[in-house]
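Reader: I should like a close look at a single part of this model, with the rest of the chain brought in where it helps. Please take me through it in one connected account.

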Amino acid sequence: MHQKLSRPSSLNRRQFLRLTGLGVLGLMAGSLLKTPAARASTPTLPGLSSTFTPDVELALTAEPGQVSILPGQPTTVWRYRAEVLSGPADTVQPIPDTYLGPILRFKPGQKVRVRFTNRLSEETIVHWHGLHVPEAADGHPRLAIAPGETYIYEYEIMDRPGMYWYHPHPHGRTGPQAYMGLAGLIIISDESEQALGLPSGDRDLPLVIQDRQFDANNQLIYSTPMAGFLGDRILVNGRPELIQTVEPATYRLRILNGSNARIYKLAWPDNTPFTVIGTDGGLLDAPVQRPYITLGPAERIDLLVDFSRWAGQTLSLRSLAFSGGGFMGGGGALPNGAAFDVLRFQVSEDAATPMPYKTFVPLMSGPVAAARRADRAWVQADRTFQLYMQFGQWTINGRTFQMEAVAPDEIVKLGTEEVWEFVNQQPGGGGGGMGGGMPHPMHIHGLQFQVVGRQPPTNTQQRANWETVKDGYVDDGWKDTILLMAGERVQVRLRFEDFTGLYLYHCHNLEHEDMGMMRNYKIVA
Ligand code: C2O
Ligand code: CU
Ligand code: CU
């Protein structure tokens with residue numbers, strides 16, 4: 001059951017909590033639902049059950065803290081902390097010496113309860129990015145809780161093995177809160193994945209790439225330029241200039257672009273191609289190769305890297321230069337599209353343990369395989385969403401976010417499948433008023449989709465920009481976020497299953513999102 005549901009007509013939930021004086025303990029699951037009034041106020045919420053018995057129960061807090069990032073003074077950050085209240089102790093895996101939240105490890109079918117407490121000085125709410133969860137567990141900004149309050153999430157893990165993540169989602173404040181450090185990984189795994197014999201343990205390396213700016217006292221600097229905020233220092237797993245020691249063996253690198261606005265064009269210095277085994281929503285049915293990887297904010301990529309070719313060497317994972325990254329960036333010294341080192345790998349001469357891994361083809365059968373065989377022909381889309389600037393604001397079809405608003409063309413039917421088309425173009429064509437437009441990483445809540453296809457920009461300059469990133473797109477498998485360069489059109493196929501309710505779709509450039517480049521869509525029965 002979920003306490004923060006729809007607002008009872010005469011009393012909103014915050015008032016209700018205040019009146020009843022409910023603290024963490026008062027919010028025992030079921031305590032609100034058992035009252036007839038509360039039940040009456042939440043008649044349409046799916047996935048809601050007073051008989052929910054969690055397999056794992058966590059306490060999660062968002063709170064201020066201090067962490068040493070640069071030499072000298074520690075940096076004030078905000079971070080998630082989690083604790084297992086019941087269930088497998090290894091559900092929570094803290095990462096030492098970082099502001100990043102612990103890795104949450106779940107299994108498909110697990111029933112999860114999270115008691116989230118806000119210990120910040122402003123309202124917040126947690127969103128489980130990529131997970132297929134009921135409306136009440138999705139972390140919509142209208143569900144944000146005030147400092148001191150607790151929100152209880154209950155959901156079943158219905159997603160494929162893969163890497164997802166959690167981060168705040170309050171109205172207008174997602175960018176700064178995530179930037180201050182509020183983000184963590186979710187890794188879903190099961191026996192079927194483990195049976196594939198992929199690199200595991202120390203050789204399964206999650207990497208969160210983010211950019212930050214620090215002042216002379218090592219404190220975080222943040223602002224909200226129209227292009228989105230860019231830092232001039234690259235942090236991996238919360239650390240600058242990370243040097244990761246590895247053995248000359250095959251590793252699984254799972255990378256999240258956890259940056260607010262920066263796009264990465266990842267490459268090896270000797271142009272060794274990447275073997276991609278998964279994307280946002282889990283493993284592909286077979287690996288694909290890319291010369292480099294284009295990774296927009298919130299996207300994930302799952303790679304197999306054979307470090308034996310670099311035995312005894314130190315090498316950098318680079319982000320290569322590209323064009324079309326945007327305009328008026330806050331990155332000053334490091335614009336979106338600049339080249340830089342992301343982190344260094346120090347490869348030892350010999351492996352302590354030899355490589356036990358087989359060939360990983362085919363990776364998986366079943367739904368993922370079906371996804372790749374799906375029809376990729378460009379179709380007449382069911383809905384089109386045009387991304388453009390209007391009256392100095394980023395919009396979707398000329399609209400900006402309103403807390404509860406859903407337009408008639410944003411209502412979809414449960415149990416149906418649709419093709420949505422995103423068009424990153426100023427209406428009337430052309431490059432757009434603002435220096436040729438901007439990339440927008442579009443994200444849809446509540447589901448994973450398949451990419452039907454892309455159409456390149458027709459504008460010459462935009463086309464030239466697109467050429468500098470297009471070979472790094474991985475549109476295979478399941479995705480929840482897709483990057484559109486200026487001038488691009490993308491079609492995605494989605495299926496609305498299991499849950500009705502209000503979900504979001506938005507640009508995951510967090511400053512764009514906070515400035516209103518976000519809308520609700522509603523799934524109705
Ligand atoms: Cu990763 Cu609406 O968010
Ligand atoms: Cu999301
Ligand atoms: Cu955007």
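The request and the account follow.

Reader: Which protein donors hold the copper ion (ligand 3), and in which strands do Histidine 440 and cysteine 507 lie?

Author: The structure is a predicted model, and the account begins with the copper ion (ligand 3).

The protein donors of this copper ion are His440 through ND1, Cys507 through SG and His512 through ND1, and they lie 2.0 to 2.1 Å from the ion. Along the chain, these donors follow the spacing H-x66-C-x4-H. Histidine 440 belongs to strand β26, which covers residues 440-444, while cysteine 507 belongs to strand β30, residues 501-507; the pair therefore ties together parts that are 67 residues apart in sequence. Both histidine 440 and cysteine 507 are buried.

Strand β26 also leads to another metal site. The copper ion (ligand 2) is coordinated by His127 (NE2) and His443 (NE2), at 1.9 Å. Histidine 443 lies in strand β26 and histidine 127 in strand β6 (residues 126-129), so this pair ties together parts that are 316 residues apart in sequence. Is each of these two histidines buried or exposed? Histidine 127 has a relative accessibility of 1% and counts as buried. Histidine 443 is likewise buried, its relative accessible area being 1%. The cut-off for this term is a relative accessible area under 20%.

The setting of these sites may now be described. The protein has 7 helices and 31 strands. Of its 525 residues, 60% are buried. Among contacts with a separation of 6 or more, 79% are between residues 24 or more positions apart. The protein exposes about 19000 Å², and carbon and sulfur atoms supply 51% of that area.

One helix shows how burial is arranged on an element of the chain. In helix α6, residues 460-467, the residues Gln462, Asn465 and Trp466 are buried. Seen down the axis of α6, the buried residues fall within an arc of 100°, so they line one face of the helix. A general rule of helix geometry is relevant here: an α-helix has 3.6 residues a turn, so residues three or four places apart point the same way. The face of α6 turned away from the buried side carries Thr460 and Gln461, which are exposed.

Elsewhere in the chain, 5 strands form an open sheet with mixed pairing, in the order β13-β21-β20-β15-β18. Strands β13 (243-246) and β18 (293-295) stand at the edges with a single partner strand each, so one side of each is left without a neighbour in the sheet. From one strand to the next, the twist averages 30°. The pairings within the sheet can be followed from the β13 edge. Strand β13 pairs with strand β21 (residues 340-347) in the parallel sense over 4 bridges, and glutamine 244 stands opposite phenylalanine 345 in β21. Strands β20 and β21 pair in the antiparallel sense over 6 bridges; here threonine 314 stands opposite glutamine 346 in β21. Strand β15 (residues 264-267) pairs with strand β20 (residues 314-319) in the antiparallel sense over 2 bridges, and alanine 267 has arginine 318 in β20 as its bridge partner.

Some residues in the loops also deserve attention. Most residues other than glycine have a negative phi. Aspartate 97, however, has a positive phi near 55°. Aspartate 97 is placed in the loop between β3 (92-93) and β4 (103-106), and with a relative accessibility of 58% this residue counts as exposed. Asparagine 237 is not a glycine either, yet its phi is positive, at about 50°. Asparagine 237 lies in the loop between β11 (233-236) and β12 (239-240), and at 12% relative accessibility asparagine 237 counts as buried.

A further loop residue is threonine 400, found between β23 (393-396) and β24 (411-413). Threonine 400 counts as partly exposed, at 22% relative accessibility. Leaving aside neighbours within four places in sequence, threonine 400 is in contact with Gln393, Trp394, Thr395, Gly516, Met518 and Arg519. Between threonine 400 and aspartate 514, the C-alpha to C-alpha distance is 10.0 Å, although they are 114 residues apart in sequence.

To return to the request, His440, Cys507 and His512 are the protein donors of the copper ion (ligand 3), with histidine 440 in strand β26 and cysteine 507 in strand β30.

Definitions and conventions:
Residues are numbered from 1 along each chain as its sequence is written. Chains are lettered from A and ligands numbered from 1 in the order in which they are written. This is a predicted model: local features need pLDDT of at least 70, side-chain atom pairs count only at pLDDT 80 or more; totals for chains, interfaces and linings use all residues. Side-chain values use heavy atoms; hydrogens and water are left out. Donors are N, O and S atoms within 2.8 Å of the metal (3.2 Å for Na, K and Ca); water is not among the atoms, so sites may look incomplete. Buried means under 20% relative accessible area, exposed over 50%, partly exposed in between (1.4 Å probe, protein chains only). Two strands pair if DSSP finds at least two bridges between them. Axes are lines fitted to C-alpha atoms, for helices over the stretch in contact, and angles run from 0 to 180 degrees between N-to-C directions. Contact means heavy atoms within 4.5 Å. Accessible areas come from the Shrake-Rupley method with a 1.4 Å probe; for residues, only the protein chains shown count as cover. The arc is that of the directions from the helix axis to the C-beta atoms.
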